[in-house]
Amino acid sequence: QVQLVESGGGLVQAGGSLSLSCAASGIILRINDMGWYRQAPGKQRELVAGITSGGETNYADSVKGRFTISRDNAKRTVYLQMNSLKPEDTDVYFCNAEVQRYYYSGINNYWGQGTQVTVSS
């Protein structure tokens with residue numbers, strides 16, 4: 001089985017910074033796209049930032065210029081540096097990875113367990 005383990009959430013004041021990380025483990029041949037999503041209670045999960053295996057990135061308009069996604073392919077880890085945090089960034093953040101486990105298998109989506117980010121005003 002593939003596991004994505006997140007760390008780094010917490011409570012911060014508005015204007016502050018937090019860093020999230022998500023490490024993949026298990027039998028993995030290749031990881032394609034990785035990303036961070038967030039979800040508030042009763043709302044749909046939305047993409048915050050994504051990164052391809054080659055390092056191309058995309059961001060939600062609401063976080064452009066404030067958040068930076070990066071990855072270390074050797075460590076199978078994706079990071080999210082969040083600066084200038086706002087109360088509206090408060091959510092549960094989930095990491096996602098598109099994983100191929102074997103040379104003969106397809107690509108499946110895996111999710112982390114989620115980590116709470118709370119920004120106080």
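Y104 is exposed, with 60% relative accessible area. That value comes from a predicted model. Y104 pairs edge-to-face with Y103, and Y102 joins these two tyrosines in one aromatic cluster. Elsewhere, Y37 and W111 make another edge-to-face pair, R45 places its charged end over the ring of F94, and C22 and C95 form a disulfide.

**Tyrosine cluster**
- Y102, Y103 and Y104 make up one aromatic cluster.
- Within the cluster, the ring centres of Y103 and Y104 are 5.2 Å apart.
- The planes of Y103 and Y104 meet at 85 degrees, so the pair passes the cut-off of over 60 degrees for edge-to-face.
- Y103 has a relative accessible area of 71%, which makes this residue exposed.
- Y104, at 60%, is exposed as well, because the class begins over 50%.

**Aromatic pair across strands**
- The model holds three aromatic pairs in total.
- One of them joins Y37 and W111, with 4.9 Å from centre to centre.
- The angle between these two planes is 70 degrees, and the pair is edge-to-face.
- Y37 belongs to strand β4, residues 30–39, while W111 belongs to strand β10, residues 107–111.
- The contact therefore ties together parts of the chain that lie 74 residues apart in sequence.
- Y37 is partly exposed at 22% relative accessibility.
- The cut-off for buried is under 20%, so Y37 falls outside that class.
- W111 is also partly exposed, at 36%.

**Arginine over two rings**
- R45 has its charged end over the ring of F94, at 3.7 Å from the ring centre.
- The charged end of R45 also sits over the ring of W111, here at 4.6 Å from the centre.
- W111 thus has two listed contacts: the edge-to-face pair with Y37 and the charge of R45 over its ring.

**Disulfide**
- The count of disulfides is one.
- C22 and C95 form this bond, with their sulfur atoms 1.9 Å apart.
- The separation satisfies the cut-off of within 2.5 Å, so the pair counts as a disulfide.
- C22 lies in strand β3, residues 18–25, and C95 in strand β9, residues 91–100.
- The bond therefore ties together parts that are 73 residues apart in sequence.
- C22 is buried, with 1% relative accessibility.
- C95 is buried too, at 0%.

Definitions and conventions: Residues are numbered from 1 along each chain as its sequence is written. This is a predicted model: local features need pLDDT of at least 70, side-chain atom pairs count only at pLDDT 80 or more; totals for chains, interfaces and linings use all residues. Side-chain values use heavy atoms; hydrogens and water are left out. Rings of Phe, Tyr and Trp (its six-membered ring) pair if their centres lie within 6.5 Å; planes under 30 degrees apart count as stacked, over 60 as edge-to-face and the rest as tilted. Helices (H or I, at least four residues) and strands (E, at least two) are DSSP runs, numbered from the N terminus. Buried means under 20% relative accessible area, exposed over 50%, partly exposed in between (1.4 Å probe, protein chains only). A charge sits over a ring if NZ of Lys or CZ of Arg is within 6 Å of the ring centre and within 35 degrees of the ring normal.
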